[in-house]
Structures are given as C-alpha cells and as structure tokens.
Amino acid sequence: MIHSKQIRAAANSLYNEGLRRAKRRDLTGAVYCLKHCLNICKNHSDARDLLGLIYYEMGEISEALVQWVIAENLDAKDTRAASYIETIQEHQRELEEAGEQIRAYNSALMQAQSGNVDLAILQLSGVVESYPRFVKAQLLLALLCIETGSYVKAGRPLLKVLKIDRENPKANRYMAIVKSRTGKTELEHKRFRSTLSHRRMTDDDVIIPTSYKENTGWQSILNIGAGLLLGAAAVFFLIMPARTRYLNNQHAQEIFGFNEQLNQKNEEIASLKTSLSEAETAKKSSDDQLNDLMNNSDSVLAQYSTMIQIENFLRQGNMSAAAALYPKFRPDAFTDETVKGIGTALKNEIETNGYQTLEDTAYSEWAAGRFASALDLYNTCLQIRPANPKVILYMASISKAMNNKEDAIKYYSQIIANFTDSEQAPTARTQLAELSPEAAQAAANQADANRKAAEAAAQAASESAAQPAEGNE
C-alpha cells in the first residue's frame with residue numbers, strides 16, 4: 001500500500017508541473033496535470049486554487065467558482081479561495097455577463113449545427129468582442145471561418161486563443177490549416193551581373209582584305225529577302241514546335257495543380273466534418289452545463305450561491321437569516337460528494353439550531369404586530385418541520401387577526417383533520433365553530449375518515465404480519 005506521504009509527494013509533483021506549465025501559458029497542459037493531482041489527492045487546496053484561476057483565465061467562471069468553493073470548505077485556512085469567491089461576489093455583473101455570453105455561444109452553436117453558419121459567425125463575433133477570453137467561443141468562431149473559406153478572419157481568434165493558451169491543441173491544428181491556405185513562401189533571388197569590358201577599336205585595327213568588294217543596291221535587297229525567308233523558316237520549323245510543347249506542358253501543370261487543390265479541399269472538408277462533430281459533442285456538454293448552472297432557481301450555480309450565503313450568515317451568528325434561506329437550499333443538486341456533504345451539514349444545522357431561532361423570531365414579529373412577516377417565518381418553519389400543529393395554530397390566529405377568514409378556517413381545519421389528538425385540537429375546534437359551523441363539521445368528518453383509514457391500515461398490517469410466509473409453515 002502506498003504511504004500517504006508518497007501520495008502527497010506525487011500530488012505535489014503534479015501540482016508543480018501544472019504550475020510550471022501555467023507560467024509558460026500552457027493552460028491546457030496545466031489543467032491536465034492539476035486534474036491528475038486532484039485525482040490522487042482531492043484535498044490539495046493549492047491545486048484547486050490554481051485550477052480555478054486557470055478556468056477563470058479561460059473564461060469558464062462557473063468551473064472556477066466550483067473549485068474555489070470546494071477548496072474553501074476543505075481547508076478553512078485557505079484564505080485565497082475565500083478572497084477569490086468574495087471578488088466574484090463583488091463583481092456580480094461580470095458573472096451575469098458571463099452567463100449571457102454562454103447562452104449566446106450555445107445559440108450560435110445550434111445555428112451552426114442547423115446550417116446557419118453566417119448567423120452563427122455573427123453571434124460569435126459579438127460574444128468574443130464582449131468576452132474575449134472565452135476560449136471555446138474563439139475556437140468555434142475560427143472553425144466556422146475556416147469552413148466558409150475566411151482564413152484571414154479565422155486567424156484573428158486563433159491568435160487570441162494562443163495568447164491565452166499557447167499549447168491549445170485545437171488552436172494549433174486550426175492555425176496549421178490557416179497557414180497552409182494563406183502563407184506565401186518568400187524566395188530570395190540573387191541577381192548576378194557580369195560586365196564585359198570591350199576595348200574600343202581604332203581605325204588602325206580595321207583590316208580590309210584584298211578580296212573585299214562592296215555590294216550593290218540590288219544585292220543588298222536580295223540578301224535582306226533571303227534573310228527574311230530563312231527567319232520565317234526557322235520560326236516555323238524550330239520555334240513554333242518548341243512553343244507548342246511549352247504551352248502543352250504549362251496546361252498539364254495547371255491541371256495537376258487544380259487536382260492537387262481539389263484533393264486538399266477534400267481533406268479539409270473531412271477534417272472540418274470531424275471538427276464539427278467534436279463541436280456538436282462540446283455543444284451538448286455545454287448545454288447540459290448551462291442547464292445545470294443557469295436555467296432555474298434550483299440550478300447548481302444558484303445552489304452554490306445559496307450555500308455560500310448560508311455559511312456566511314452562520315459565521316456571523318445570524319441564524320435567522322440563514323434559516324430564511326432554508327426553503328431554497330437543495331444539497332442534492334451537487335454532484336461532488338464533498339460539496340454535497342458540506343451542504344447536508346449546513347442543512348442539518350438549520351433544522352436543529354436554526355429552527356428554534358426561526359420560530360422565536362416569528363413569535364417576536366407577531367407580538368410586534370408585523371403579521372405578514374410572522375406568517376412568512378412560520379411558513380418557513382413548516383417547510384422544515386411540516387407536522388407541527390402548534391405553528392399551524394399560530395398561523396390560524398394571525399390570519400384571524402388580519403381578518404383573513406378563509407385562511408384561518410383552512411388552518412383550523414388542518415389541525416382538526418390531521419392532528420385530532422394534539423393539544424391544539426380543542427382550541428381549533430372552538431375557534432372554527434365560531435367562524436364557520438359548516439367548516440367545523442366538515443373538518444370533524446374528515447378527522448373521522450382519517451382515523452378509520454389509519455385503523456384499517458394498521459389492521460391490514462397486523463394481519464399481514466400474522467400470516468405465515470409461504471414455504472415456512
């Protein structure tokens with residue numbers, strides 16, 4: 001069995017490697033190392049802090065917030081995670097803006113999947129302009145620009161991604177395609193000039209042979225004509241065939257070039273189809289994350305926010321405010337077992353110590369004449385402990401004091417029908433008889449029906465328990 005010190009040493013080694021990669025802007029490699037570090041040592045708070053910072057740098061604020069919340073709850077001395085969370089809470093507008101851009105990104109991804117590439121590019125251009133460090137949006141914009149042949153335009157988001165994450169594999173692969181389509185090979189041509197020096201001849205250098213005889217005018221014309229004929233023959237028999245062969249070769253080269261371009265296009269189409277399939281998978285994953293984080297009040301992000309508020313109120317000793325948040329708190333929404341355990345502990349704290357504080361606060365509000373506030377607090381008490389006839393009787397009395405006869409009748413009837421043997425039942429019968437004798441009789445009938453149903457169920461359970469099991473007689 002590997003000793004705990006060896007495990008910690010291995011985790012520290014992976015953390016240090018992730019830190020080195022992060023320093024040289026290899027964020028993808030850093031995320032890989034830090035995730036492996038947390039797989040073998042989930043309590044490594046430094047790794048979670050750094051992983052959160054990397055997610056934040058890549059535009060994934062929700063993922064960063066998850067890591068910092070876990071780090072803060074695992075290590076109370078980790079003040080960095082707490083400061084990061086506090087910074088995000090102070091800049092709530094930035095978090096909302098990030099959520100809006102994530103929704104716009106997913107909408108653009110759906111448009112691209114539906115074939116509306118131009119509309120998707122337009123939406124993504126707005127996303128990356130408002131949220132330039134959102135790496136996923138930059139990569140999708142580059143991919144769609146490559147698909148439409150806008151290679152120069154595709155290079156801009158890729159450069160931004162590589163400034164954030166130098167070793168991003170997708171960005172490097174897309175950049176290789178862009179360079180192959182837009183790069184110009186610079187050839188350096190050197191020209192050499194050689195100067196031939198000629199010595200000017202003088203009259204003394206001209207040697208006139210003894211047989212020299214000047215041509216007459218007709219002889220010159222005949223010589224010129226013969227020269228023209230010889231030149232035409234040379235063009236027809238020598239130059240024209242060579243020119244024809246040159247043009248044929250040039251045409252063949254052009255056809256070869258076109259075929260090569262066609263093959264490259266086919267390869268690019270196959271590569272783009274593969275990338276589009278990956279983008280569709282990423283889109284589905286992003287949709288799932290977005291639904292979990294942003295869509296409703298029970299979302300994971302909302303539950304993280306509620307949990308942080310409850311914990312802050314408990315640290316401040318404000319049990320009443322923490323208990324007021326209880327109805328909106330759903331620890332089961334968390335997928336991480338550590339976070340779920342922390343949320344469950346907070347919920348249990350409110351159900352025990354927080355409940356009595358909440359009930360006392362409600363009674364004080366009632367005594368001060370703030371009936372609406374008291375009713376809200378008693379409603380919260382019922383959500384924590386539903387089977388509480390005393391609280392229901394208080395709510396009935398408050399409703400009666402507010403001249404809300406309908407709600408008062410409803411609460412008195414609940415006590416009579418469902419809590420017949422409780423200490424509050426006689427008071428409820430007296431008050432309900434004064435308000436509405438018909439409702440009092442209906443509640444009594446319902447109580448009898450509930451009692452008979454309970455007796456029948458108990459008798460059936462007793463008979464079932466008394467009957468011997470088949471095969472054991």
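Which residues touch the most other members of the largest nonpolar core? In this predicted model, the core holds 108 residues, and I54 and M307 are the ones that touch the most other members. The element that gives the most to this core is helix 8, which spans residues 135–147 and supplies ten residues. As background to this arrangement, nonpolar side chains in soluble globular proteins tend to be buried together.

M307 can be followed further, beginning with its place in the fold, since this residue lies in helix 12, the run of residues 300–316. The relative accessibility of M307 is 1%, and because buried means under 20% relative accessible area, M307 counts as buried. When residues up to four places away in sequence are not counted, the contacts of M307 are with V69, F329, F334, V339, I342, G343 and L346. A further relation along the chain concerns K347, which is 40 residues apart from M307 in sequence, while the C-alpha atoms of M307 and K347 are separated by 9.3 Å.

Helix 8, already named for what it gives to the core, was examined for its length and its burial. Its 13 residues, taken at 1.5 Å a residue, should span 18 Å, and the C-alpha atoms at the ends of helix 8 are 19 Å apart, which agrees with that expectation. Eleven of the 13 residues of helix 8 are buried, and the helix is therefore largely enclosed by the rest of the structure. The buried residues of helix 8 are V135, A137, Q138, L139, L140, L141, A142, L143, L144, C145 and I146. Helix 8 is followed by G149, a residue whose phi is positive, near 85°.

The open spaces of the model were considered next. The largest pocket has a volume of about 860 Å³, and of the 33 residues that line this pocket, K35, Y55, M58, E60 and K136 are the closest to its centre. The elements that give two or more residues to the lining are helix 2 (27–40), helix 3 (45–57), helix 4 (61–74), helix 6 (92–113), helix 8, helix 10 (169–182) and helix 11 (217–294). Among these elements, helix 11 gives the most to the lining of the largest pocket, with seven residues. By residue class, the lining of the largest pocket divides into 17 nonpolar, eight polar and eight charged residues. Helix 8 thus appears in both parts of this description, as the element that gives the most to the largest nonpolar core and as one of the elements that give two or more residues to the lining of the largest pocket.

Conventions:
Residues are numbered from 1 along each chain as its sequence is written. This is a predicted model: local features need pLDDT of at least 70, side-chain atom pairs count only at pLDDT 80 or more; totals for chains, interfaces and linings use all residues. Side-chain values use heavy atoms; hydrogens and water are left out. A nonpolar core is a set of buried Ala, Val, Leu, Ile, Met, Phe, Trp, Tyr and Cys residues joined through side-chain atoms within 4.5 Å. Buried means under 20% relative accessible area, exposed over 50%, partly exposed in between (1.4 Å probe, protein chains only). Helices (H or I, at least four residues) and strands (E, at least two) are DSSP runs, numbered from the N terminus. Contact means heavy atoms within 4.5 Å. On a 1 Å grid over the protein atoms alone, a cavity is a set of points where a 1.4 Å probe fits but cannot get out, and a pocket is an open set with protein on both sides within 12 Å along at least five of seven lines; lining residues have an atom within 4 Å of a point. Grid points are joined across faces, edges and corners, and a volume is the space filled by probe spheres set on the points. Ala, Val, Leu, Ile, Met, Phe, Trp, Tyr, Cys and Pro count as nonpolar, Asp, Glu, Lys and Arg as charged, and the others, Gly among them, as polar. The expected span of a helix is 1.5 Å times one less than its number of residues.
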